[in-house]
Amino acid sequence: MMPRIGMFFSTLAIVATAFLIDTPARGEPGAQRPAGVLKTAYARPDGTPLPAGNRAYLEPPLVLSAPPRETAEDGKSIYQPVAEYLSTVIGRRVVYQHPGTWGLYRTTMLRGGYDLVFDGPHFNSYRIEKLNHNVLVRIPAIHEFVVIARQGSEFRHMSDLAGRRICTHAPPNLGTLVLLSHFENPARQPVIRDTTGWNEIFTGVTSGRCDAGVMPLTNLKQFDPSNRMTVLFKSKPMLNQALSAGPRLSSVEQNKISAALLSPEAAGPTARLRAEYKIGPSFAAATNRQYEGLSNYLRNEWGYY
């Protein structure tokens, strides 16, 4: 009798172990299992694999992110619908992650912690060059940055701004980096007054708080219809913000995302994002070649090169 009882309990232990391995803990499927339960490949006790959809859900999620230009709550309202839409498009879970600070954003991006990123053209160019990303879609509008001063001021050329107060966004904002690229000698660089928002930059110049300011030409036309400002410099036209995808997404998945974001079905999920950045009715198709060379604006920024 004793051998049979021992055999019975051994069989019972094997069945119980198989059951625990195939049964996730409470909460989401694939959540962490209780201590002592062995980790193994996800499969039924009979060895047949789980359905494809379940396997995709159990994989680590793909991370969509963007610079922390808004609060975490606002970021979620802008990007979470996009993440959910892309999850349905490629059949893999995509989650939005707000970085919190620019320092954390830079650090996480540089170590490849983001799979899908929506940000400026110089960052997209850098990820193409260094992180094996591909640009998928972009804002259709073209950027032209201008450096402005008040009419009647003493400033006539960019060199006149050495050591002067400039209202602009803090680096690595592209407009600010375009300005600083004209001052290779650090001892003769302008003094950057970190100013958030194009309207605040314009007001900073008109009020005299700053000697000059940096903004897109389209915003200057909006704020200054009576030509109160002198344009000291206008950049060459350059591409706008874009979405890039990293190497954890296959080329097939990247193509699916591009097509999906250019399709009419994207109108709802991308509505808040398009409104926030005045994108218009839809994104435009983008290629890596269009963004070549813009990473050069980051060469004097710490941590990139």
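**View 1. Asn-227 sits in the loop that runs between helix H8 and strand E9 (229-234).** Everything shown here comes from a predicted model, where local features need pLDDT of at least 70 and side-chain atom pairs 80 or more, while totals for chains, interfaces and linings use all residues. Residues are numbered from 1 along each chain as its sequence is written, and side-chain values use heavy atoms, with hydrogens and water left out. Helices (H or I, at least four residues) and strands (E, at least two) are DSSP runs numbered from the N terminus. Now look at the backbone of Asn-227: phi is near 55 degrees, which is a positive value in a residue other than glycine. Is Asn-227 buried or exposed? With a relative accessible area of 54%, Asn-227 is exposed (buried means under 20%, exposed over 50%, partly exposed in between, with a 1.4 Å probe and protein chains only).

**View 2. Asn-132 is another residue with a positive phi, this time near 60 degrees.** Asn-132 isn't a glycine either. To find Asn-132, head for the loop between helix H5 and strand E4 (134-138). Why does Asn-132 count as exposed? Its relative accessibility comes to 54%, so Asn-132 gets that label.

**View 3. Between Pro-171 and Pro-172, the peptide bond is cis.** Check the backbone between these two prolines and you'll see omega near 15 degrees. Where does Pro-172 lie? Pro-172 belongs to the loop that joins strand E6 to helix H6 (174-180).

**View 4. Cys-167 and Cys-210 are joined in a disulfide.** A quick reminder: a disulfide is a covalent bond between the sulfur atoms of two cysteines. The search here took pairs of cysteine sulfur atoms within 2.5 Å, and over the whole structure it turned up 1 disulfide. In this pair, the sulfur atoms of Cys-167 and Cys-210 are 2.0 Å apart. Twist matters for the label: the torsion about the S-S bond is about 70 degrees, so this disulfide is right-handed. Follow the chain outwards and you'll find that the pair links distant parts of it, with the two cysteines 43 residues apart. Cys-167 is in strand E6 (residues 165-168), while Cys-210 is in the loop between helix H7 (198-206) and strand E8 (212-216). Cys-167 and Cys-210 are both buried.

**View 5. Tyr-105 and Phe-123 make an edge-to-face ring pair.** Rings of Phe, Tyr and Trp (its six-membered ring) pair if their centres lie within 6.5 Å, with planes under 30 degrees apart called stacked, over 60 edge-to-face and the rest tilted. By this rule, the count reaches 12 aromatic pairs. For Tyr-105 and Phe-123, the ring centres are 6.4 Å apart and the planes stand at 85 degrees, so the pair is edge-to-face. Here, too, distant parts of the chain are linked: Tyr-105 is in helix H4 (residues 102-110) and Phe-123 is in helix H5, 18 residues apart. Both rings belong to buried residues, Tyr-105 and Phe-123.

**View 6. Tyr-126 and Tyr-304 form an edge-to-face aromatic pair.** Centre to centre, the rings are 5.4 Å apart, with 85 degrees between the planes. How many residues apart are Tyr-126 and Tyr-304? They are 178 residues apart, with Tyr-126 in helix H5 and Tyr-304 in the segment after strand E11 (284-285). Tyr-126 counts as buried because its relative accessibility is 6%. Tyr-304 counts as buried too, at 7% relative accessibility.

**View 7. Step back from the pairs and one aromatic cluster comes into view.** Which residues form this cluster? They are Trp-102, Tyr-105, Tyr-114, Phe-123, Tyr-126, Tyr-304 and Tyr-305. You have already met Tyr-105 and Phe-123 as an edge-to-face pair, and likewise Tyr-126 and Tyr-304.

**View 8. Leu-62 belongs to strand E1 (residues 62-65).** Leu-62 is buried, because its relative accessible area is 0%. Now find Val-94, which is 32 residues away from Leu-62 along the chain. In space, the C-alpha atoms of Leu-62 and Val-94 are separated by 4.6 Å.
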